[in-house]
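Student: I have a model open on my screen and would like a close look at a single part of it. Could you walk me through that part slowly?

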Amino acid sequence: GNAGSTGIQVRNSDASITFNNTTIENVAIGIDLSTNTGTYTFQNGLSVTTMDGPGILSDTGGTLVITGATNSVTATGGPALDISSTTVDMTFASLSSTDSASQGIVFVGVTGTGATGGLLVTGTTTLIGPVGTGIGIVASQGTYDFGTATVDKSMTNGSGVRLANNGGVLAVTFQDLNVTTSAGPGLLTLGNADLTLTVLNN
């Protein structure tokens, strides 16, 4: 790959596509799923590394399924996950974003489904220096487990974690959570209809 490229792009599709043992590195955008209605499955290993943009971008992306024990996203200059108006069932060993020009991880209008109910991080979520919110979940529902999470906004303003205006049933879990902010709340929740927030070992 190169700094201006996209690893995998699927747009305006109603197909169901399965990717096996996928490695994407040294690109601007790792995976771009936009304006789709199909189901896109990554299995038997997914590793995404970006140089200047999001790891996984899904805007009206249909259904995204990521299975397996070793999946990872390492993004520089963009969110690890930037997902909106998509149904998801995703498992990762690790998620990382450094110096994102927007948020560290963002879900807007997302519905969780399947084995994970949305997102399961079995290892670590590490978000360093995002300009926007570290983790943002807005107008979404499902189950989201970020594993052992570190959000470092010591050099940028805004919230570490923001859970807002989620109208459905939402469960958010951190096996451990460490947040540093320079100006803004570490954890902000507002306007949620049915939120269960669990922070363990903290």
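Student: Which residues does phenylalanine 146 touch, not counting residues up to four places away in sequence?

Tutor: Happy to take you through it, and please keep in mind that this is a predicted model. Leaving out residues up to four places away in sequence, phenylalanine 146 touches Ile105, Phe107, Leu119, Val121, Thr124, Thr125, Ile135, Ile137, Val172, Thr173 and Phe174. Let's place some of these names. The largest nonpolar core has 40 residues, and Phe146 is listed among those with the most contacts inside it, together with Leu81, Met90, Phe107 and Leu119. Two of those partners, Phe107 and Leu119, are also touched by Phe146 itself.

Now to the strands. Strand β7 covers residues 105-108 and strand β10 covers residues 135-138; the two run parallel and are joined by 4 bridges. Within this pairing, phenylalanine 107 has isoleucine 137 of β10 as its bridge partner, and phenylalanine 146 touches both Phe107 and Ile137. Moving on from β10, you reach strand β13 (residues 161-164), which pairs with β10 in the parallel sense, again over 4 bridges. There, isoleucine 135 stands opposite valine 161 of β13, and Ile135 is another of the residues that phenylalanine 146 touches.

As a general reminder, side chains in a regular strand alternate between the two faces of the sheet.

Next, follow the contact with Thr173. Threonine 173 belongs to strand β14, residues 169-174. Its relative accessible area is 17%, so threonine 173 counts as buried, the cut-off being under 20%. Apart from residues up to four places away in sequence, threonine 173 touches Tyr144, Asp145, Phe146, Gly147 and Thr198. Phe146 and Thr173 therefore appear in each other's contact lists, given that contact means heavy atoms within 4.5 Å.

For contrast, look at the surface. Leu187, Leu197 and Val199 form a nonpolar patch there, with about 200 Å² of accessible area together. Valine 199 sits in strand β17, residues 194-199, and counts as partly exposed because its relative accessibility is 35%, between the limits of 20% and 50%.

One last stop is a charged pair. The structure holds 1 salt bridge: the side chains of arginine 11 and aspartate 32 meet at 2.7 Å, N to O. This pair links distant parts of the chain, with arginine 11 in strand β1 (residues 6-11) and aspartate 32 in strand β3 (residues 29-50), 21 residues apart. Aspartate 32 is buried, with a relative accessible area of 1%, whereas arginine 11 is partly exposed at 46%.

How values were computed:
Residues are numbered from 1 along each chain as its sequence is written. This is a predicted model: local features need pLDDT of at least 70, side-chain atom pairs count only at pLDDT 80 or more; totals for chains, interfaces and linings use all residues. Side-chain values use heavy atoms; hydrogens and water are left out. Two strands pair if DSSP finds at least two bridges between them. Patches are made of residues with over 30% relative accessible area and no salt bridge: like charges are joined within 9 Å, nonpolar side chains (Val, Leu, Ile, Met, Phe, Trp, Tyr) within 5 Å. Accessible areas come from the Shrake-Rupley method with a 1.4 Å probe; for residues, only the protein chains shown count as cover. A salt bridge is a side-chain nitrogen of Lys or Arg within 4 Å of a carboxyl oxygen of Asp or Glu. Buried means under 20% relative accessible area, exposed over 50%, partly exposed in between (1.4 Å probe, protein chains only). A nonpolar core is a set of buried Ala, Val, Leu, Ile, Met, Phe, Trp, Tyr and Cys residues joined through side-chain atoms within 4.5 Å.
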